[in-house]
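Got the viewer open? Here's a short walk through the model, one selection at a time.

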Amino acid sequence: MSDGTPGDPGGPGGGKAETAPTPAAPEASGAPRAYSAGAAAAPPHAAGVEGSQQALQGAGGSRQAAPQVFPGGEGSAPAGPARRGGRARDAGDGPILSVEGLSFSHGTGVRVVSDLTLGFRPGRHYVLAGPNGAGKSTVLDLLSRLRNPESGRVLVFGKDSAEYPPAELARALARAPQHFQFNFSFTVREIVSLGRRPYLGRWGRLSQEDRDVVEGAIEFLNLGRLADKPVTALSGGEAQRVVLARTLAQATPIILLDEPTASLDVAQALDLMDRVRVLTRDEGALVVTVTHDLHLAAVYADEMVFMNGGRLVAAGPTRDTLNSELLLEVFEADAEVRQDAFSGGLSISFRHGGSGSGASAGAGEGAA
Amino acid sequence: MSDTTAREAALPASRPSGRRERAADGVAARRMSPWLLAAVLGAGIVAVILVSLKSGYMPFSPSEIWDILYFKILSIPRLRFLTLLGAPDAELDPSRVLVLWDVRLPRLVTSLIAGAALGLSGAVFQGILLNPLADPYTLGVSSGAAFGASVVIVCSILFPAAAFLTNPLVAAGGAFAASAATLFVVMLLAADREGRLPPPNLILAGVIMSAILSAAISFIKYLAGDQVSSIIFWLLGSFQARTWTEAGIVAAFFVPALSVVLPSAVDLNIMTLGVRSAETLGVNTGRVRLKLLVASSFAASASVAVAGIIGFVGLIVPHLVRLLTGPDHRSLLPLSTLGGALLLAAADTAVRAFLPGEIPVGVLTALLAGPAFLVIFRRKMKDLVHV
């Protein structure tokens with residue numbers, strides 16, 4: 001709306017340009033990227049993500065065939081929230097959400113996202129990772145149009161998200177926020193029902209179908225027992241599941257999760273990731289998660305997108321992107337990534353303080 | 001295999017995590033049906049209307065009330081056709097007609113509408129500011145109105161030649177203008193760079209403006225010298241000697257506010273989730289918030305302008321309603337409207353007809369609602385303990 005007004009180049013920015021690096025400069029300073037040279041297979045472009053899709057198919061297939069280490073995953077977790085009208089499975093395999101040349105600066109002129117181009121395909125779980133300040137959350141904000149890009153576009157089903165009326169966008173794309181608070185004693189069911197807002201008229205009357213979707217979302221996140229309880233009386237983990245249920249009640253083909261496991265314990269986090277897997281594999285949803293939990297990502301992400309300093313560092317199937325060189329480059333952490341038979345995915349061990357003793361924390365071990 | 005079985009046992013489909021999950025078990029939301037509460041409040045309002053018209057220095061019997069109302073209604077040209085239902089009693093005493101129709105009824109109607117406006121805007125403010133302690137005066141509406149009225153009153157004291165200043169409607173006009181100006185300044189102060197109005201900014205800006213205006217009012221009181229009591233009495237809030245004009249003024253702001261606010265009930269529900277969640281659910285929070293703040297502030301300003309500052313109605317009524325029927329604004333807004341009307345009309349009837357003296361109604365509402373609020377607050381604190 002009001003981009004391009006006060007803080008932008010014309011004003012104070014003009015003066016700063018002398019000292020601050022120009023848009024081109026970060027490449028010189030921050031990215032002599034030994035990595036990006038070697039990442040010809042997965043260059044920081046949508047093309048790379050899409051190009052390596054075949055590899056993912058292969059990897060996914062073999063993972064399916066691997067012994068099921070998470071029986072709770074496809075097996076015992078209930079089916080996703082009852083069949084939402086909105087979720088489109090017929091989108092083929094092309095990206096249903098993509099960004100082209102996306103850039104964003106805060107009012108102070110600091111560029112938080114630079115020229116990002118990416119495509120996200122349905123039926124897959126993408127994890128967006130990077131150190132604090134890498135611009136991950138800003139990317140989610142831009143994807144969900146909580147912020148308007150400075151330049152570039154966000155395409156939702158091929159159409160610029162700026163052209164969507166708000167309610168229509170809310171039927172295509174849902175987002176579970178990282179921070180939330182419940183100020184009034186709505187019940188769990190009432191909060192989840194609010195997710196139906198984009199489908200309802202002015203007075204918010206729920207049809208039978210809306211009620212079914214709400215109940216489905218409540219069941220899907222195991223909130224049945226709490227459905228009539230006031231949300232103000234829930235624990236942090238329960239409240240987070242309520243927020244997720246509300247997001248699922250929106251019944252969108254695209255779901256953005258911002259630190260969804262931040263206040264969950266290990267068992268709850270695994271449970272949640274199992275359910276996300278149901279959404280992506282069984283229902284064809286696209287899920288994009290921002291998380292700091294690389295261990296979970298290593299096991300559950302179909303694809304990973306690594307960012308640093310607002311730039312894309314690498315994107316592609318988890319197996320192709322998640323490796324120790326990348327972790328060293330992005331997080332400056334000395335880590336070892338290996339195939340882990342126990343979790344059925346990758347596992348990461350970090351070396352601390354040069355002691356030489358790696359603290360292995362494969363995602364699978366937490367609940368054992 | 002044994003590994004898998006062990007894990008399966010550790011990861012049941014419902015994965016209850018023990019202690020913390022059970023925390024909520026004891027606190028199922030027990031709620032009253034909104035329709036039942038609406039019926040109770042409606043019956044209460046009817047009862048207050050009857051008792052209020054009946055009681056006072058000059059008592060009326062129900063049949064006399066009926067005769068007078070019928071007579072007056074038939075004297076409205078458009079409603080003449082109702083004469084078909086029977087001719088009005090011609091034996092009415094004009095002075096009694098005057099007392100009921102031109103003194104008691106407008107006062108009652110003004111208190112009903114002012115109470116409704118305060119209850120409604122209190123509910124809106126609590127919802128928008130995400131703060132159950134907010135009330136219609138949070139944004140400085142009352143301080144602004146008090147300042148405006150004080151200026152008019154002190155001018156009428158300092159310049160006795162300007163007789164028009166003693167007209168209570170001039171004080172009301174001054175109060176309304178000043179409170180609208182205050183609202184504008186508070187919003188200007190609270191707006192962030194993107195033109196949004198974040199609740200914490202609004203509350204802070206309101207507190208700052210109130211503090212400044214209070215200081216100004218103190219200065220005006222000092223100027224008023226030994227006639228300061230006329231300012232103090234205005235500030236305490238009263239419906240004494242209110243006419244149909246005052247009733248019309250509050251109604252003129254309350255009815256549009258109601259028609260703006262009620263259809264936004266669902267958006268208000270969504271906005272309690274926070275701005276970011278609301279935006280991703282397709283609600284234009286900036287526009288909705290501005291619309292609701294302006295509408296409900298104007299309704300509150302109008303009620304302060306005609307009745308002075310009546311505290312606690314806008315705070316406690318939405319609170320009680322939420323406690324009884326839950327926080328859904330689709331029921332909260334209309335029920336707070338009814339509740340505010342009932343509370344204020346009952347309080348005004350009590351001070352007029354039943355309590356000695358005619359203490360200002362604002363004093364009574366504060367005396368009643370303050371302790372009630374304390375009880376609610378303690379109960380809430382106890383609830384919070386076992387979260």
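Start with the sheet in chain A: 6 strands make an open sheet, ordered β6-β7-β8-β3-β9-β10, with mixed pairing. Keep in mind as you look around that this is a predicted model. Colour β6 (173-176) and β10 (311-317) of chain A next; these are the edge strands, each pairing on one side only. Look along the sheet and you can check the twist: neighbouring strands are turned by 15 degrees against each other on average, ignoring direction.

Now zoom in on one pair. Select residues 125-129 (strand β3) and 303-308 (strand β9) of chain A: the two strands run parallel and are joined by 4 bridges. Show side chains for Ala129(A) and you'll find Phe306(A), in β9(A), standing opposite.

Time to add the helices. Select residues 136-143 of chain A, which is helix α7; this helix lies across β3, β6, β7 (254-258), β8 (286-290) and β9 of chain A. Against β7(A), helix α7 of chain A runs at about 150 degrees. Then pick residues 236-249 of chain A, helix α11, which packs on the sheet and touches β6 and β7 of chain A. The direction of α11 makes about 175 degrees with that of β6(A).

Next stop, Thr321(A), which sits in helix α14 (residues 318-321) of chain A. Is Thr321(A) buried or exposed? Thr321(A) has 23 C-beta neighbours inside 10 Å, so this residue counts as buried. Draw a distance from its C-alpha to that of Asp282(A): the two residues are 39 apart along the chain, and the atoms are separated by 25 Å.

Switch over to chain B. Its secondary structure comes to 16 helices and 0 strands. The chain has 387 residues, and 45% of them count as buried. Of the chain B contacts between residues at least 6 apart in sequence, 78% join residues at least 24 apart.

Finish in the largest nonpolar core, which has 192 residues. The members that touch the most others are Ala217(A), Val242(A), Ala245(A), Ala117(B), Val250(B), Ala299(B) and Ala302(B). Select helix α5 (residues 94-128) of chain B, which gives the most to this core, with 15 residues. In chain A, domain 1 (35-155 + 253-328) and domain 2 (181-251) both give residues to the core, so it lies between them.

For a last close-up, centre on Ala117(B). Leaving out residues up to four places away in sequence, Ala117(B) touches Val250(B), Phe254(B), Ala257(B), Ala299(B), Ala300(B), Ala302(B) and Ser303(B).

Definitions and conventions:
Residues numbered from 1 in each chain as written. Chains lettered and ligands numbered in written order. Predicted model: local features only at pLDDT ≥ 70, side-chain atom pairs only at ≥ 80, totals over all residues. Pairing = 2+ DSSP bridges. Axes fitted to C-alpha atoms, helices over the stretch in contact; angles between N-to-C directions. Contact = placed C-beta atoms within 7 Å. Buried ≥ 20, exposed ≤ 12 C-beta atoms within 10 Å, placed from the backbone. Core = buried A, V, L, I, M, F, W, Y, C linked by C-beta atoms within 7 Å. Domains from an automatic or database assignment.
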